[in-house]
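I opened my notebook to go through one structure, one feature at a time. Here is what I looked up, in the order I looked.

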Amino acid sequence: MRIATWNVNSIRSRIDRVEAWLQRSDVDVLAMQETKAKDEQFPYDRFRALGYEVAHHGMNQWNGVAILSRVGLEEVEVGFSGDPGWGEPLAAEARSIGATCAGIRMWSLYVPNGRAIGDPHMAYKISWLTELKEQARGWGAAGRQVALCGDWNIAPFDEDVWSMEYYLDKSHVSPGERAAFHAFLDAGFVDVVRPHAPGPGVYTYWDYQRLAFPKKRGMRIDFVLGSPAFAARVAGAVIDREERKGVGASDHAPVVVELED
DNA sequence: ATGGTAGCCGAGCTA
């Protein structure tokens, strides 16, 4: 079985590429972020025609997350947790769906953007992560297979950015954000991609501006964090940077994880 | 410090 996470940066402008990518990559479950579509704008029909059902889609005032799975797939239960909006508490769905699970539980996460050090959004981001971690700790307990997939908007280590000089004093690398990320590792979650995509110089996101992709100026901010039981099943992982190439690419690459049956 | 690009919508705002 194969699962994936991808910040698509607008599902309506990306639908042709997402469709083509799904067909050639043959994933069973896809978590998407930054769908930027109201529910009535979401291309449900396109995914259904490909054999996927959209388990969840939701958005706040300017963002959105979704998760879709192959029709008939019973092993994976899907949930989502997005940034529910400035000033709002963590989405209630995250609590209720995550509480009673069996089999693989897979989550599509969009961690709020902190914008800048000292910005009120940064404090919000860190408290959002702290609350999520407390819930995830419960989900991952008792040998459950849990995968927290998505755009974390954090580069946890210096080698996860193309230049620490450039990012010094900027968002995504600050000690508070990194501590919030590392707290998930301390809680027993594992970065299941890293062993299969070792760095430095391995990224998942490249800015559209200043020719960042051809200049190899990226960040590793998209992660699949697995509970120990999930991590034990991981057979491989790929960051599909080919998908970042060409006209009409998202600024993020898909991240794919292969599981043993 | 600014501006560079892409996407939302049709002016700024968000990333």
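The entries below go from the DNA to the pocket, the rings, the cavity and the backbone.

**Entry 1: the kind of model**

I noted before anything else that this is a predicted model. I keep that in mind for every value below.

**Entry 2: the surface near DNA strand B**

I began with the DNA. Which residues come nearest to DNA strand B? I found Ser10, Trp62, Arg115, Gln209 and Arg210, out of 15 residues around the strand.

Next I sorted that surface by residue class. The residues near DNA strand B are 3 nonpolar, 6 polar and 6 charged. I also asked which element gives the most to this surface. Helix α1, residues 11-25, does so with 3 residues.

Then I turned to the side of the DNA. Among the atoms of DNA strand B within 4 Å of the protein, 61% are part of sugar or phosphate, and the rest are in bases.

**Entry 3: three contacts with the strand**

I picked out single contacts to see both parts of the DNA. For Ser10, an N or O atom of the side chain is 2.6 Å from a phosphate oxygen of DNA strand B. For Arg14, a polar side-chain atom lies 3.2 Å from a phosphate oxygen of the strand. Arg210 gave me a contact with a base: an N or O atom in its side chain is 2.9 Å from a base nitrogen of DNA strand B.

**Entry 4: the largest pocket**

I looked for pockets next. The largest pocket has a volume of about 650 Å³. It is lined by 31 residues, and those closest to its centre are Asn113, Asn153, His172, Tyr205 and Asp207.

What is the make-up of this lining by class? I wrote down 12 nonpolar, 9 polar and 10 charged residues. Helices α4 (120-140) and α5 (164-167) each supply at least two residues of the lining.

**Entry 5: aromatic rings**

I searched the whole structure for aromatic pairs, and the search gave 10. One of them is Phe42 with Phe47: the ring centres are 5.9 Å apart and the planes are at 35 degrees, so I logged the pair as tilted.

Are these two residues buried or exposed? Buried means under 20% relative accessible area. Phe42 has 5%, so Phe42 is buried. Phe47 has 0%, so Phe47 is buried as well.

I compared the geometry with another pair, Trp206 and Phe213. Their rings are 5.0 Å apart centre to centre, with 90 degrees between the planes, and the pair is edge-to-face. Trp206 and Phe213 are both buried.

I also found an aromatic cluster made of Trp152, Phe181, Phe184 and Phe223.

**Entry 6: Val161 and Tyr205**

I stopped at Val161, which is in the loop between β7 (145-151) and α5. Its relative accessible area is 6%, so Val161 counts as buried. How far apart are Val161 and Tyr205 in space, C-alpha to C-alpha? I read 9.7 Å, while in sequence the two are 44 residues apart. Tyr205 was already in my notes, as one of the residues closest to the centre of the largest pocket.

**Entry 7: an enclosed space**

I searched the whole structure for cavities of 30 Å³ or more, and the search found 1. The largest cavity has a volume of about 30 Å³. Its lining includes Asp191, Arg194, Thr204 and Ile239. Phe223 lines this cavity too, and I had met Phe223 in the aromatic cluster. By class, the cavity lining has 4 nonpolar, 1 polar and 4 charged residues.

**Entry 8: unusual backbone spots**

I kept the backbone for the end. Most residues other than glycine have a negative phi, and most peptide bonds are trans. I looked for spots that do otherwise.

The peptide bond from Gly199 to Pro200 is cis, with omega near 5 degrees. Pro200 is in the loop between β8 (190-191) and β9 (205-206).

Asn9 is not a glycine, yet its phi is positive, at about 50 degrees. Asn9 is in the loop between β1 (2-7) and α1. With a relative accessible area of 12%, Asn9 is buried.

Arg210 also is not a glycine and has a positive phi, of about 55 degrees. Arg210 is in the loop between β9 and β10 (218-219). That took me back to my DNA entry, where Arg210 has its side-chain contact with a base nitrogen of DNA strand B.

Terms used: Residues numbered from 1 in each chain as written. Chains lettered and ligands numbered in written order. Predicted model: local features only at pLDDT ≥ 70, side-chain atom pairs only at ≥ 80, totals over all residues. Heavy atoms only, no water. Near = heavy atom within 4 Å. Polar contact = N/O pair within 3.5 Å; in protein donor to acceptor, adjacent residues only side chain to side chain. Helix = DSSP H or I, 4+ residues; strand = E, 2+ residues; numbered from the N terminus. Nonpolar A, V, L, I, M, F, W, Y, C, P; charged D, E, K, R; others polar. 1 Å grid on protein atoms, 1.4 Å probe; cavity = no way out; pocket = protein on both sides within 12 Å on 5 of 7 lines; lining within 4 Å. Points joined across faces, edges and corners; volume = space filled by probe spheres on them. Phe/Tyr/Trp six-rings, centres within 6.5 Å; stacked < 30°, edge-to-face > 60°. Buried < 20%, exposed > 50% of the residue type's maximum accessible area, 1.4 Å probe, protein only.
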